[in-house]
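Welcome! Below you will find a few short exercises, each with a worked solution. Try each task with the model in view before you read on.

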Amino acid sequence: LNVSQPALGLQVRELEAKLGVSLFVRRSRGMELTEAGRELQGRADKILQDLESARHAMRAYANNPERRITLGTPPTPGKLLVPPLLRALADQKYLTLGLQEGLSSDLAIMIKNGDLDLALTYDPSSDLKRSSAILAYDDLILIGPPHSLGGGRKEVSFGALGRFPLVMDSPKQITRKLLDKLAYQEDVSLKVALEVDSVNLKREVILSHGCFAIVPRGLFSDAITEGRFDWAPIIQPSITRTLFLIGRSTLPDQDFQVILDFLRPIVSTYIRDRNVNWRLPQDTGIS
């Protein structure tokens with residue numbers, strides 16, 4: 001925030017005095033929001049989102065030329081981020097969005113070749129010729145058939161994953177490469193029951209063959225809530241992917257920034273509502 005701790009603490013206390021409520025419970029090892037603080041945070045987030053939406057809506061009256069931006073997305077970010085992004089862009093008369101779903105590795109190649117303007121990708125290779133920004137860290141979970149993992153109340157260590165028959169991505173995929181690297185580092189032998197890249201097919205195999213999979217929680221959140229799958233957090237170490245927004249090298253900075261500005265509050269809302277295993281990075285600036 002570029003504000004010293006004493007000055008920030010003073011501002012918080014002045015805000016509490018003006019509102020007549022305590023916003024934080026202060027403990028020796030930190031602070032946490034009170035019920036009133038959580039209520040204010042939710043309202044403040046909405047106010048800030050409305051202000052951002054109003055700012056972008058005014059661009060429609062600034063003689064901006066109409067343009068179309070193509071956005072590629074893997075299944076999980078597509079499911080979670082695209083619908084609210086489209087609603088947020090509804091007032092942008094000068095801007096239309098074209099969508100394409102694909103795997104992160106394929107989308108990164110399309111960005112490099114100039115076939116897409118923007119893409120949501122996990123852990124892309126370093127490329128100084130393009131725009132990029134970190135949106136969130138995504139901690140993967142273990143899922144399996146109903147009543148098999150404790151409903152999220154029991155953690156599974158990475159070392160214990162070798163006990164589960166796993167449905168995994170093919171070796172060329174980014175998440176599979178991450179898992180294989182961690183398995184080698186931790187000296188864990190993963191039991192690969194089947195290699196499947198299709199999300200829908202992966203769902204069917206898990207249920208029909210009693211298998212398990214290491215997946216992002218957001219992709220299966222509805223099915224977990226409905227009781228069709230069980231799940232457990234993975235620890236020691238956790239398996240973390242980094243979600244980026246990347247743009248082709250010739251994309252105008254304005255186009256990159258407008259999509260980024262809409263995506264960030266959407267990501268923050270999911271994290272606040274705890275519907276996903278995402279965490280915000282400390283620094284989300286454009287590189």
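## Exercise 1: The largest pocket

α8 contributes eight residues to the lining of the largest pocket, the most of any element. Helices (DSSP runs of H or I, at least four residues) and strands (runs of E, at least two) are numbered from the N terminus.

Before going on, a word on the model. It is predicted, so local features need pLDDT of at least 70 and side-chain atom pairs count only at pLDDT 80 or more, while totals for chains, interfaces and linings use all residues. Residues are numbered from 1 along each chain as its sequence is written, and side-chain values use heavy atoms, with hydrogens and water left out.

**Task.** Find how much space lies in the largest pocket, and which elements give two or more residues to its lining.

**Solution.**
- Step 1: Start with the terms. On a 1 Å grid over the protein atoms alone, a cavity is a set of points where a 1.4 Å probe fits but cannot get out; a pocket is an open set with protein on both sides within 12 Å along at least five of seven lines, and lining residues have an atom within 4 Å of a point. Grid points are joined across faces, edges and corners, and a volume is the space filled by probe spheres set on the points.
- Step 2: The space in the largest pocket comes to about 680 Å³.
- Step 3: Its lining has 21 residues, and Q41, D45, S268, R272 and L280 lie nearest the centre. Two or more lining residues come from each of β2 (30–33), α2 (35–57) and α8 (253–273).
- Step 4: Sorted by class, the lining holds eight nonpolar, four polar and nine charged residues. Here Ala, Val, Leu, Ile, Met, Phe, Trp, Tyr, Cys and Pro count as nonpolar, Asp, Glu, Lys and Arg as charged, and the others, Gly among them, as polar.

## Exercise 2: The largest cavity

**Task.** Work out which element gives the largest share of the lining of the largest cavity.

**Solution.**
- Step 1: There is one cavity of 30 Å³ or more, and the largest cavity has a volume of about 370 Å³.
- Step 2: Of the 25 residues that line the largest cavity, L103, D169, T175, K202 and R241 are nearest its centre.
- Step 3: Elements giving two or more of these lining residues include α3, α4 (104–113), α5 (174–186) and α6 (199–209). The largest share, four residues, belongs to α5.
- Step 4: By class, the lining of the largest cavity divides into 15 nonpolar, five polar and five charged residues.

## Exercise 3: A helix with a bend

**Task.** Check the length of α3 against its expected span, then find where α3 bends.

**Solution.**
- Step 1: The expected span is 1.5 Å times one less than the number of residues. The 15 residues of α3 (residues 75–89) should therefore span 21 Å, and the end C-alpha atoms are 20 Å apart, which agrees.
- Step 2: α3 bends by about 40° at L81, with the proline P83 following within four residues. The bend is the angle between axes fitted to the seven residues ending at a residue and the seven starting there.
- Step 3: Buried residues of α3 include L80, L81 and V82. Buried means under 20% relative accessible area, exposed over 50%, and partly exposed in between (1.4 Å probe, protein chains only).

## Exercise 4: Two open sheets

**Task.** Give the strand order of each open sheet.

**Solution.**
- Step 1: Two strands pair if DSSP finds at least two bridges between them.
- Step 2: The sheet of four strands runs β8-β12-β7-β11, with mixed pairing. Its edge strands, each paired on one side only, are β8 (156–157) and β11 (213–215).
- Step 3: β8 pairs with β12 (residues 230–235) in the parallel sense over two bridges; V156 has I234 in β12 as its bridge partner.
- Step 4: The sheet of six strands runs β4-β3-β5-β13-β6-β14, again with mixed pairing. Its edge strands are β4 (95–101) and β14 (278–279).
- Step 5: β5 (residues 118–122) and β13 (residues 240–247) pair in the antiparallel sense over five bridges, and T121 stands opposite F244 in β13.

## Exercise 5: A loop

**Task.** Is Q236 buried or exposed?

**Solution.**
- Step 1: Q236 sits in the loop between β12 and β13, and a cis peptide bond joins Q236 to P237, with omega about -5°.
- Step 2: Phi of Q236 is near 50°, a positive value in a residue other than glycine.
- Step 3: Q236 counts as exposed because its relative accessibility is 61%.
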